[in-house]
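Student: I should like to take a close look at a single part of this model, the surroundings of the ligand. Please describe them, and then continue to the elements that follow along the chain.

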Amino acid sequence: MIPEQVPNHVDGKDAPAASGEWLDKFAPADGSLLCRVARSGAADVDAAVAAARRAQPGWAARTVVSRGDMCREVALAMREEREGLSEIVVAETGKSLDAARGETDAAIEMGFFMAGEGRRFYGRTTTASMEHRTVMSVRQPLGVAGLLISFNTPLPNVAWKVFPAILCGNACVLKPSEHTPASAHALATVCYKAGLPDGVLNIVQGLGPEAGAALVEHPDVDLVSFTGSSATGRWINEAAGRRLAKVCLELGGKNALVVCDDADLDNAVLWALASAFSNAGQRCASASRLVVFESVYDEFRERLMAKARDFDAGPVISEDALERLVAAGAERVDRPGYWVEPTVLEDVAPDADVSCAELFGPVTILYRVRDLEEALRLVNDSPYGLTAAIHTASIHRAMRFAEQARAGVVVVNGGTHGSEPHMGFGGVKQSGTGWREAGVEALDVHSDWKYVNLIADVART
Ligand code: NAD
């Protein structure tokens with residue numbers, strides 16, 4: 001189901017990297033060699049961008065309804081291939097088949113959502129200061145979209161960028177994570193089987209500083225849309241900013257889940273565990289900080305610890321990730337592959353490195369606070385601002401938290417993770433640059449607004 005060699009996909013055809021080199025990709029579940037990945041560089045990026053540039057005008061000339069129809073065809077084809085796609089994700093990431101199926105379904109839903117947007121694609125029509133003039137705004141494609149993504153939920157990561165990009169009339173060059181090349185390749189194959197014209201979606205595999213950097217710096221790429229770490233995002237913003245490309249960054253988080261003294265503790269424990277440890281904590285929205293009122297701290301801690309060790313978090317993505325987590329205080333599990341124990345740290349100062357830096361693994365930190373005031377201070381005392389959750393029975397506390405937490409997403413009585421295809425997702429501060437993915441908000445990333453004036457010559461009526 002996963003080819004021994006995962007190639008690039010340019011202009012509708014599979015191709016090895018121009019260098020002829022391949023990277024090794026290992027299975028997180030057992031550390032075995034899973035496949036080899038095309039190690040692309042600037043020449044491959046040039047070919048992919050040229051193919052996208054050639055394909056884009058014809059694609060943009062179709063009506064947006066027709067481009068939406070293609071999103072629907074791709075989503076339907078993905079549904080046909082649901083099991084196969086999910087199994088590839090399991091092999092590449094080590095997550096459970098159930099989790100992978102859920103992600104495949106989420107990716108499919110994004111296709112259906114964007115298909116519907118092809119029937120809306122609303123602008124504004126309004127009056128003007130001059131007689132007989134009407135003004136309106138219409139969306140325009142950007143041209144070639146350079147899309148760079150993380151490994152953590154590989155199919156939704158592709159879907160969240162590719163569906164809005166193609167709906168808006170762009171052609172894409174996608175650089176998947178070197179850790180999840182096969183699911184991106186399989187998805188491209190599904191797209192072409194569903195009828196997507198050659199060159200509208202091109203895939204360049206390889207390493208970030210090689211293939212990724214060449215894509216970011218390519219002068220013919222109009223949009224750089226990136227999902228990944230803040231460190232890489234900062235470099236991308238500078239590099240793409242130098243040539244004044246449009247840049248959308250969706251970055252990391254250090255998300256807090258607050259447990260008040262009036263919370264349903266069983267529910268709070270359930271969501272704390274899922275938010276901190278599911279997907280091995282490799283979520284931008286994972287709960288890496290648990291902020292608990294002191295009057296319920298011991299009880300919450302006891303219930304959490306009782307369940308944490310048995311939580312089936314799955315392996316992390318690579319040996320490097322594992323070593324980074326062990327250095328931060330997690331324990332390696334004695335089995336082949338990249339497994340660490342779900343870890344709860346305590347007595348960590350809020351300004352310690354581990355409190356401030358995103359760990360991107362199954363490690364969370366417990367903090368003790370007196371009241372909501374102190375909890376809010378701690379929640380907001382972070383370089384990041386992606387998501388935040390509160391557990392309380394009080395509508396007043398919930399409303400105050402929703403108003404004052406500095407985050408792009410707030411959840412009451414649930415987890416810090418989770419999204420809806422029709423709601424914009426993204427963060428503040430170092431979690432992003434203000435754009436939102438998913439929802440109609442994603443259309444703003446992938447299109448430009450044009451302001452059109454229509455003036456009637458009354459003498460000729
Ligand atoms: P990463 O920054 O290491 O890599 C992300 C992508 O960028 C990969 O495809 C990688 O190959 C590429 N890349 C790396 N260096 C590059 C460079 N110099 N130039 C161009 N491309 C480069 O991140 P990761 O470890 O894959 O993902 C984890 C991060 O992603 C976490 O910080 C997580 O919070 C974030 N993330 C954010 C969201 C969100 O929506 N905000 C969603 C998922 C993941």
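Tutor: A backbone N or O atom of Gly 208 lies 3.3 Å from an oxygen atom of the ligand; the model is a predicted one. For Gly 228, too, a backbone N or O atom is found 3.3 Å from a ligand oxygen. With Glu 358 the contact involves the side chain, an N or O atom of which is 2.5 Å from an oxygen atom of the ligand. Around the ligand there are 27 residues, of which Ile 149, Lys 175, Glu 178, Ser 229 and Glu 358 come nearest.

Next comes helix α8, residues 230-242. Its 13 residues should span 18 Å at 1.5 Å a residue, and the end C-alpha atoms are indeed 18 Å apart, so the expected and computed values agree. The buried residues of α8 are Ser 230, Gly 233, Ile 236, Ala 239 and Ala 240. An α-helix has 3.6 residues a turn, so residues three or four places apart point the same way. The elements that cover the buried residues of α8 include α7 (208-216), β11 (223-227), β12 (246-250) and β17 (384-385). Just after α8, Leu 244 adopts a positive phi of about 60 degrees.

Further along the chain there is a sheet to consider. It is open and is formed by six strands in the order β15-β16-β14-β13-β18-β19, with parallel pairing. At its edges are β15 (343-345) and β19 (409-412), each of which pairs on one side only. From one strand to the next, the twist averages 20 degrees. Within this sheet, β13 (residues 255-259) and β18 (residues 387-391) pair in the parallel sense over four bridges; Val 259 has His 391 of β18 as its bridge partner.

Two helices lie across strands of the sheet. Helix α9 (residues 265-277) lies across β13, β14 (287-293), β15, β16 (363-369) and β18, and runs at about 170 degrees to β13. Helix α13 (residues 372-380) lies across β13, β14, β16 and β18, running at about 165 degrees to β14.

Finally, Ser 419 is placed in the loop between β19 and β20 (428-429). Its relative accessible area is 43%, and Ser 419 is therefore partly exposed, as this class lies between the limits of 20% and 50%. Leaving aside residues up to four places away in sequence, Ser 419 touches Trp 160 and Phe 425. Pro 28 is 391 residues from Ser 419 in sequence, and their C-alpha atoms are 26 Å apart in space.

Notes:
Residues are numbered from 1 along each chain as its sequence is written. This is a predicted model: local features need pLDDT of at least 70, side-chain atom pairs count only at pLDDT 80 or more; totals for chains, interfaces and linings use all residues. Side-chain values use heavy atoms; hydrogens and water are left out. The expected span of a helix is 1.5 Å times one less than its number of residues. Buried means under 20% relative accessible area, exposed over 50%, partly exposed in between (1.4 Å probe, protein chains only). Contact means heavy atoms within 4.5 Å. Two strands pair if DSSP finds at least two bridges between them. Axes are lines fitted to C-alpha atoms, for helices over the stretch in contact, and angles run from 0 to 180 degrees between N-to-C directions. A residue is near a molecule or strand if one of its heavy atoms lies within 4 Å of it. A polar contact is a pair of N or O atoms within 3.5 Å; within protein, one must be able to donate a hydrogen and the other to accept it, and residues adjacent in sequence count only if both atoms are side-chain atoms.
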